[in-house]
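Work through the following exercises with the coordinates open, and compare each of your steps with the solution given beneath the task.

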Amino acid sequence: MNLIFKPNLALALANTAQAAILSIAIVFSAATVAGEGHDHGDAPPAAAGTASPRVTSHSDLFELVGVVEAGEMKIFLDRYATNEPITDAKIEVEAGTIKGMATPAADGSYSFKSDLFGKPGTVPVSFTVIAGKDSDLLAGDLVMTDSQAGHSHEPAKRPWLRWTAYGAGAFIVLAIAAALVRARKRRGSYTVATLFIAALAIFTGATASFDAKAGEGHDHGDAAPAASGNAPKRQADGSVFLPKTSQRQLAVRTMVVEEKSLPKIVELTGRVVADVNASGKVQPTQAGRVEAGPRGLPSLGQTVRKGEVLAVVRTSVGAIEKANQQAQSAELRANLDLARKKVARLEQLEGTVPAKEIEEAKSEVASLQQRAAVVGGSVSTSEALTAPVSGVITAANVVAGQVVDAREVLFEIVDTSRLGVEASAFDASLLANIASASASAGPGSNAPLQLTGSGRALREGAIPLLFRTVGKDALALANRELPLAVGQPVKVIVQTKEHVKGFAVPTAAVVKNPSNQDMVWVHTGAEQFVPRTVRAIALDGATVSVIDGLKAGDRVVTQGAPLVNQVR
């Protein structure tokens, strides 16, 4: 029976055969690449490296971390409450049946070597610590894992399988190539391309399959090393793993918080003012030209004493006024000469003239002498400008040779040990509820204040309050240990007589989370830090009261919190 195919039907059958061959090739290639027991579907990415085996232990006094690398344990010993490193302790280590003393290292740690640290398994380790007058016994289990398990890197034991696969693949390619030559004349270039792709897929799949099954100990080549698990990193739950080496580099310090009864706080806006009894201004009473004093003209920041001559103002007058003064002086001198001659004549006639006339003539001479001296001195007089109080020059508005007017402010002097702070209170009841107060010019700065008075008239809707610095902090201001200056805005923190439960921590312990909320870092483990969102209010310039988010016994990071917050 003869079958006659139409051209369209023949082309459809050819395309169907090509699709079948291509599908078989793809399936075969995928199956051979996966190989027996090798599922490469939705596999999770490789881990970024695991941390070295370590043992941790702590007591009320000490916190210890032992990290094993290359058969050697590196021991870090810190104070449990403050996280301060202890570098001068004696540590006796007992690991299984091995016992010995740890050796201090230059970086403040201790080292201990043992053959047990190179073998997989669990090793009980105990540490006897003696640091000054304190001693304690710490213990823990060290789990050593076989990091090479399941990763043999020996060369393939059956290389003949590889070459067999290559030969079979080459034979298949040659056989299909022969078919390609015949098929090209009948089915066109589309069929040729399809068969060639199928042959290439089959050859690739076969060789990959034999490579995967070449034998035990498959070769991974020069694989990139895994990232170190001992580096600081942010965990998925938001906590931070910070190894002891990094804690010491960042100088991380902690404190154990306790709940206490703390005063309620009211924050006021204020500015630094000078004490009216310890400040002054230097002004001339007449116009003139400035000349330097005995020590020269004072400069900014120079300390001066009360009564010290700061500058001299030489009086300067106009030409007409000066001519009038000179004419008046000449007239007085002429009158003085006549008066003296008159006295001389009367003295010659003494006894014939009354004594009263002689006395009047002498009195007139004395008066003319004084008037001549005053007028003559007014032509070129000078004024010495002295310091009204002892203190520091805070303003100097003059140079030598400058012509100044009367009542012009040339110098300002302030005694920095007696500064004051003026604040505004919008609640009148606060005046009777103030227990103490302090001024803060920035984070960590604090100056105790004492209320000296308050205004009884509203100023811009608020009651003005006046405070002054007291005690040793006033001397610190004088030595410029606190950055306060007259006119500087400051925050006045008033502690009221009412109290509330809270935890007092340094201001530096509070940082911001990505949501711009206040938070602190709590040291929950030897190398583990957990963020806690808190609600805090200021106690003074250097301390805040955490009224929500902490519990008694938490170890809060007080130094280095911003650096821990930056770990990613």
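**Exercise 1.** Determine whether Phe112 and Phe117 are buried or exposed, and classify the geometry of their ring pair.

*Solution.* In this predicted model, Phe112 and Phe117 are both buried, each falling under the cut-off of 20% relative accessible area. The structure holds one aromatic pair. The ring centres of Phe112 and Phe117 lie 6.3 Å apart and the ring planes meet at 70 degrees, so the pair is edge-to-face; the cut-off for that class is over 60 degrees.

**Exercise 2.** Describe the surroundings of Gln247, starting from its helix and ending with its side-chain polar contact.

*Solution.* Begin with the backbone: Gln247 belongs to helix H3, which covers residues 244–249. Next, take the relative accessible area, which is 2%, so Gln247 is buried. Then list the contacts beyond four places in sequence, which are Asn83, Leu242, Val252, His523, Ala526, Glu527 and Phe529. Of these, Glu527 is 280 residues away from Gln247 in sequence, while the C-alpha atoms of the two are 8.3 Å apart in space. Finally, the side chain of Gln247 makes a polar contact of 3.1 Å with the side chain of Asn83.

**Exercise 3.** Establish the strand order of the open sheet that contains E15, and identify which strands are at its edges.

*Solution.* The sheet consists of four strands in the order E18-E17-E15-E20, with antiparallel pairing. Its edges are strand E18 (382–386) and strand E20 (403–404), each of which pairs on one side only. Between E15, residues 288–292, and E20 the antiparallel pairing runs over two bridges, and Arg289 has Val403 in E20 as its bridge partner.

Notes:
Residues numbered from 1 in each chain as written. Predicted model: local features only at pLDDT ≥ 70, side-chain atom pairs only at ≥ 80, totals over all residues. Heavy atoms only, no water. Buried < 20%, exposed > 50% of the residue type's maximum accessible area, 1.4 Å probe, protein only. Contact = heavy atoms within 4.5 Å. Polar contact = N/O pair within 3.5 Å; in protein donor to acceptor, adjacent residues only side chain to side chain. Phe/Tyr/Trp six-rings, centres within 6.5 Å; stacked < 30°, edge-to-face > 60°. Pairing = 2+ DSSP bridges.
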